[in-house]
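This briefing concerns the structure displayed below. It is arranged by topic for use alongside the sequence and the coordinates.

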Amino acid sequence: MSSTARIPVIDILGDSDDVARQVLAAASTHGFLFIKNDGVTIPPQDIAAMFDLSRAFFSLPEEDKAEWAIHSTKAGLNRGWVRMQGESLDPETTKQGDPKEAFNIAEPVPTLQPLPPILSASSDLILRFQTACHTLCTRILTLLGTALQIPDPDWFTSRHDQTLNKPSGTVFRLLHYPKVERSSQDRDEKRVLAGAHSDYGSITLLFRQPTQSQAGLEVLTPSRTWARVPINPDPATLSEPPILVNIGDLLSFWTKGMLKSTVHRVVSGGHGECGVTRANGDRYSMAYFCHPLNEAKLEPVPSEVIRQYGDRGAEELEAQRKKVGWKPGEAITAQEHLERRLKSTYML
Ligand SMILES: O=C(O)CCC(=O)C(=O)O
Ligand SMILES: [Fe+2]
């Protein structure tokens, strides 16, 4: 039976140095943190409405979704529908592909991409949701910049500035993990729905539906065991589930391994304590993958805190370097990082 990850819940209201310190502490130890949902930053009713929309899209017939296949002329490069088992986050272990489908919505720069009618009918909601996610990511990046004592407070945020109308790898992704059929024998066995991986970008916001049966997410702990990530770690004091944030490879690489890009996966079953319930089956989640502008150079972050951190992130940095085949002294951009990272995951 897996243990529960102890991920701190941070209330980011107010601009105190203390909040910044808490965010940095969580990002550099767990690589994961919860942000208390104040009900305004990303309104719970918008989260619920987005899940309704996602369910409606995924329940369309296959042929309707296939019209919007990822990379197709209609959907665009890296946009659109990823069919069941269309990708594997851990290709060495899950050769046949993850049992999930997805829909990628790129950042609305300069405008929202063409969408299937069922989604485009709610383009206001989608746009509002994307903007709210980006605003929260910007806030977290500001807090990290403060805690890292970067002299320019906009150092990170200017490199993620969507108002410049420049391309980035940012993508908002709807995910659907259909119910796993189980026989009475394997009912309590864990099944991997999304293979072990770390995210590629700067930071990810993850939304799950607010019932414990939809949890399913596990993080790899420093002792190499899996710990489950609850949807609401403290229901007694938090009326809304907090927003889950995790650090991606790029930010880890960029901070010389000080910020941790923690490996995670999605499972179903396992003593019924996490994952998909047997009663209602399907699992839905949504992830906002925030990336820097493609042109951003991954040059050293001017931070005294990172300098003082010294070689303590060496192991993490080495792992990150390997993933992108980085040679010391080589200057790469966020776009090159993403391309190399995708290559090493998908063996393109
Ligand atoms: O569905 C989830 O809970 C997590 C998905 C995930 O980690 C990813 O798509 O990168
Ligand atoms: Fe992930």
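Gly86 is partly exposed, because its relative accessibility of 36% falls between the 20% limit for buried residues and the 50% limit for exposed ones. The model under discussion is a predicted one. Gly86 belongs to the loop that runs between strand 4 (80-82) and strand 5 (101-106). The C-alpha atom of Gly86 is 8.4 Å from that of Pro99, a residue 13 positions away along the chain.

**Iron site**

- The iron ion (ligand 2) has three protein donors, namely His197 through NE2, Asp199 through OD and His264 through NE2.
- These donors lie 2.1 to 2.2 Å from the iron ion.
- Along the chain, the donors of the iron ion follow the spacing H-x1-D-x64-H.
- His197 is part of strand 7 (residues 191-197) and His264 is part of strand 12, so the two histidines tie together parts of the chain that are 67 residues apart in sequence.
- Both His197 and His264 are buried.

**Surroundings of ligand 1**

- The shell around ligand 1 includes the iron donors His197, Asp199 and His264.
- The other residues around ligand 1 are Leu175, Tyr177, Leu206, Leu217, Val266, Arg283, Ser285 and Phe289.
- By class, the shell around ligand 1 consists of 6 nonpolar, 3 polar and 2 charged residues.
- Strand 6 (171-177), strand 12 (264-268) and strand 13 (283-290) each contribute at least two residues to this shell.
- Strand 13 makes the largest contribution to the shell, with 3 residues.

**Polar contacts and burial of ligand 1**

- A side-chain N or O atom of Tyr177 is 2.7 Å from an oxygen atom of ligand 1.
- For Arg283, the distance between a side-chain N or O atom and an oxygen atom of ligand 1 is likewise 2.7 Å.
- His197, also a donor of the iron ion, places a polar side-chain atom 3.0 Å from an oxygen atom of ligand 1.
- Ligand 1 taken alone exposes 300 Å², of which the protein buries 97%.

**Helix 2**

- Helix 2 spans residues 44-58 and comprises 15 residues.
- The distance from the first C-alpha atom of helix 2 to the last is 21 Å, close to the 21 Å expected at 1.5 Å a residue.
- The buried residues of helix 2 include Pro44, Asp46, Ile47, Met50 and Phe51.
- Further along helix 2, Leu53, Ser54, Phe57 and Phe58 are buried as well.

Conventions: Residues are numbered from 1 along each chain as its sequence is written. Chains are lettered from A and ligands numbered from 1 in the order in which they are written. This is a predicted model: local features need pLDDT of at least 70, side-chain atom pairs count only at pLDDT 80 or more; totals for chains, interfaces and linings use all residues. Side-chain values use heavy atoms; hydrogens and water are left out. A residue is near a molecule or strand if one of its heavy atoms lies within 4 Å of it. A polar contact is a pair of N or O atoms within 3.5 Å; within protein, one must be able to donate a hydrogen and the other to accept it, and residues adjacent in sequence count only if both atoms are side-chain atoms. Accessible areas come from the Shrake-Rupley method with a 1.4 Å probe; for residues, only the protein chains shown count as cover. Helices (H or I, at least four residues) and strands (E, at least two) are DSSP runs, numbered from the N terminus. Ala, Val, Leu, Ile, Met, Phe, Trp, Tyr, Cys and Pro count as nonpolar, Asp, Glu, Lys and Arg as charged, and the others, Gly among them, as polar. Donors are N, O and S atoms within 2.8 Å of the metal (3.2 Å for Na, K and Ca); water is not among the atoms, so sites may look incomplete. Buried means under 20% relative accessible area, exposed over 50%, partly exposed in between (1.4 Å probe, protein chains only). The expected span of a helix is 1.5 Å times one less than its number of residues.
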